[in-house]
Amino acid sequence: MPPDKKIQNRQPFGKRGEHLVAMQFLLMAVFILTPVWPDPSGTELRTNTLLLRWAVLIVCWSGAILLGGLGSHRIKEFLTPLPYPVDHNRLVTTGVYGMVRHPLYSSQLFAAFGWSIFSISLSHLLLLVVAFLFFSYKASKEERWLTQRHPEYADYAKKVRKFIPWIY
């Protein structure tokens with residue numbers, strides 16, 4: 001691609017969603033560092049639901065690893081933390097991207113949900129809601145850019161769910 005063509009596709013610094021990446025890392029750090037609230041230690045609920053909570057954690061984290069791993073592998077040559085697509089990207093709609101449009105965001109939401117349930121933490125559940133709203137916003141910005149670059153993205157978005165396979 002000629003250098004002048006490459007410059008046309010570039011956004012000025014800060015216009016590719018850099019602030020969203022910073023917010024995402026901040027949100028992840030807050031989630032990790034937030035204490036479990038309320039403290040469920042020694043409660044009957046904690047004891048009686050241990051196997052169920054382990055099952056939810058294992059299923060959610062396995063799903064997160066699969067979605068994140070397959071999603072990253074499928075777009076490895078186009079992978080960027082920014083929501084703005086790289087110049088050389090192409091639209092990927094097969095594999096895990098045939099089940100959800102944003103498997104990398106889904107993987108973080110699944111992992112956070114698993115931890116929220118396992119730890120019986122309302123503070124983490126609240127942060128999960130914030131993360132869901134944040135990823136919805138970030139994905140919407142990314143989808144606008146992808147639709148500009150790939151007009152067929154609009155049809156793909158009508159067929160494939162955003163975060164949760166076959167559900168949402």
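This report describes Ser 121 and the packing of helix α6 against α2 and α5 in a predicted model. Local features need pLDDT of at least 70 and side-chain atom pairs count only at pLDDT 80 or more, while totals for chains, interfaces and linings use all residues. Residues are numbered from 1 along each chain as its sequence is written, and side-chain values use heavy atoms, leaving out hydrogens and water.

Ser 121 lies in the loop between α5 (103-119) and α6 (122-149); helices are DSSP runs of H or I with at least four residues, numbered from the N terminus. Ser 121 has 2% relative accessibility and therefore counts as buried (under 20% relative accessible area, 1.4 Å probe, protein chains only). Its side chain makes a polar contact with that of His 124 at 2.7 Å (N or O atoms within 3.5 Å, one able to donate a hydrogen and the other to accept it). Apart from neighbours within four places in sequence, Ser 121 is in contact with Pro 35, Val 36, Trp 37 and Ser 116 (heavy atoms within 4.5 Å).

The axes compared below are lines fitted to C-alpha atoms over the stretch in contact, with angles from 0 to 180 degrees between N-to-C directions.

| Helix pair | Axis separation | Angle |
|---|---|---|
| α2 (residues 18-33) and α6 | within 11 Å | roughly 165° |
| α5 and α6 | 10 Å | about 170° |

α5 and α6 are therefore roughly antiparallel (angles over 145 degrees). The α5 side of this contact includes Tyr 105, Phe 113 and Ser 116, and the α6 side includes His 124, Phe 132 and Glu 142.

Notes:
Helix = DSSP H or I, 4+ residues; strand = E, 2+ residues; numbered from the N terminus. Buried < 20%, exposed > 50% of the residue type's maximum accessible area, 1.4 Å probe, protein only. Parallel < 35°, antiparallel > 145°, perpendicular 65-115°, else oblique.
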